[in-house]
Structure formats: structure tokens, C-alpha cells
Amino acid sequence: MINEQHTIYALFFDLHDPVTIEVGKLGTFFFPKGHYIYVGSAKRNIRARIERHIKVEKKKRWHIDYLRPYGEITKIVTYSSELEECERAQQLMREINGKIIVNGFGSSDCGCPSHLIYSPRRLPPLSEV
């Protein structure tokens, strides 16, 4: 469920097959089969941002747009701004003992290593607070 008052979101998705993708100017990367979480933010109209991410066919604007056609979204969670986007990504990374596959993915405007988190194992239930 999308809470219109929230500003942070996490897209949970699965890649059923490994894939090598050119991610805009970031470069070409190998993404293994597995489970991923992408953390983003929208200061206003979070619903429109998420609905855009759900679409497969669109002009590529964000890093996630390059990966989206290959993955199946399994869950969407929105969060209040209690934790900023970077802090939420780090929290989720710790919760799932995740790995970074691509440095700079989704984090070109901050100092984080990545806002894309990978796990080869099925993701456990996570906090949605």
C-alpha cells in the first residue's frame, strides 16, 4: 500500500535469470539471479514515482529504469521520512545481510555506495516502519 504522506520507498523485485545490462552512463554490469531491493525517494507525489517505476516501457531516466524490464516486482513499501533515503537503504542492507552489486546504482546524488541491495536468498519479512 502506498502512503501518500511518505517520501521514501523500496521496490522489492526478483530477477529469475542472470542478466548483463548497460545502466546508462554508469556502465555495463552483471546482475545475478536473485532478490533485490531498490530504495528511492520522492519529495512529492510518491504514487506517481512508484507507478512510473512499475511500468516496463518508458524513457530511461533513473538507474532502476534499466533494470526494471528484467525483474518482477514482488512488493512495494513506503516509509516516512524518519530515516532519510540513504539511512533506509543502509538499514535494509543490514536487515537482509545484503550485498552491493553495482557501486553508484541509484546513489549518484549522495555518498552511498548503492541504493540497490542484492540477496541470493529469499528475503525475510522486513520492518515496514
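Where is the place of N45? N45 sits in the loop between β4 and α1. Its phi is near 55 degrees, a positive value in a residue other than glycine. Most residues other than glycine have a negative phi. The model described here is predicted.

**The sheet**

Four strands form an open sheet. Their order is β5-β1-β4-β6, and the pairing is antiparallel. The edge strands are β5, residues 71-79, and β6, residues 116-119. Each edge strand pairs on one side only. Neighbouring strands of the sheet are turned by 20 degrees against each other on average, with direction ignored.

The table lists the strand pairs, with one facing pair of residues for each.

| Strand pair | Sense | Bridges | Facing residues |
|---|---|---|---|
| β1 and β5 | antiparallel | eight bridges | L11 opposite I76 in β5 |
| β1 and β4 | antiparallel | eight bridges | F13 opposite Y36 in β4 |
| β4 and β6 | antiparallel | four bridges | Y38 with L116 in β6 |

Strand β1 covers residues 8-15. Strand β4 covers residues 34-41. How many residues of β4 are buried? Eight of its eight residues are buried, and the strand is mostly covered.

**Helices on the sheet**

Helix α1, residues 46-54, packs on the sheet. It touches β1, β4 and β5. The direction of α1 makes about 15 degrees with that of β1.

Helix α3, residues 85-96, lies across β1, β4, β5 and β6. It runs at about 160 degrees to β4. Helix α3 has twelve residues. From its first C-alpha to its last it reaches 17 Å. That is close to the 16 Å expected at 1.5 Å a residue.

Which residues of α3 are buried? They are E85, R88, A89, Q91, L92, M93 and I96. The buried residues of α3 pack against β1, β4, β5 and β6.

A89 gives a close-up of this packing. It belongs to helix α3. Its relative accessible area is 3%, so A89 is buried. Not counting residues up to four places away in sequence, A89 touches V39, S114, H115 and I117. A89 and H115 are 26 residues apart in sequence. In space they are 5.8 Å apart, C-alpha to C-alpha.

After α3 comes N97. N97 lies in the loop between α3 and β6. Its phi is near 55 degrees, again a positive value in a residue other than glycine. With 54% relative accessibility, N97 counts as exposed.

**Two nonpolar cores**

The largest nonpolar core has 20 residues. Those with the most contacts inside it are F31, Y38, L67, F105 and L116. Several elements give two or more residues to this core: β1, β2 (19-23), β4, α1, α2 (63-67) and β6. Strand β1 gives the most, with four residues.

What does Y38 contact, leaving aside its neighbours within four places in sequence? Its contacts are Y9, A10, L11, F13, H53, I64, F105, G106, H115 and L116. L116 in β6 is also the bridge partner of Y38.

There is a second, separate core of 13 residues. Its members include V39, Y79, A89 and I96. A89 and V39 are in contact as well.

**The cysteines**

How many disulfides does the structure hold? It holds zero. Take C110 as a case. The closest cysteine sulfur to that of C110 is in C86, at 3.5 Å. This is too far for a bond, because a disulfide needs sulfur atoms within 2.5 Å.

C112 is in no disulfide either. Its nearest cysteine sulfur is also that of C86, 3.2 Å away.

Are C110 and C112 buried or partly exposed? C110 is partly exposed, with a relative accessible area of 25%. C112 counts as buried, because its relative accessibility is 11% and the cut-off for buried is under 20%.

Technical notes: Residues are numbered from 1 along each chain as its sequence is written. This is a predicted model: local features need pLDDT of at least 70, side-chain atom pairs count only at pLDDT 80 or more; totals for chains, interfaces and linings use all residues. Side-chain values use heavy atoms; hydrogens and water are left out. Two strands pair if DSSP finds at least two bridges between them. Axes are lines fitted to C-alpha atoms, for helices over the stretch in contact, and angles run from 0 to 180 degrees between N-to-C directions. Contact means heavy atoms within 4.5 Å. A nonpolar core is a set of buried Ala, Val, Leu, Ile, Met, Phe, Trp, Tyr and Cys residues joined through side-chain atoms within 4.5 Å. Buried means under 20% relative accessible area, exposed over 50%, partly exposed in between (1.4 Å probe, protein chains only). The expected span of a helix is 1.5 Å times one less than its number of residues.
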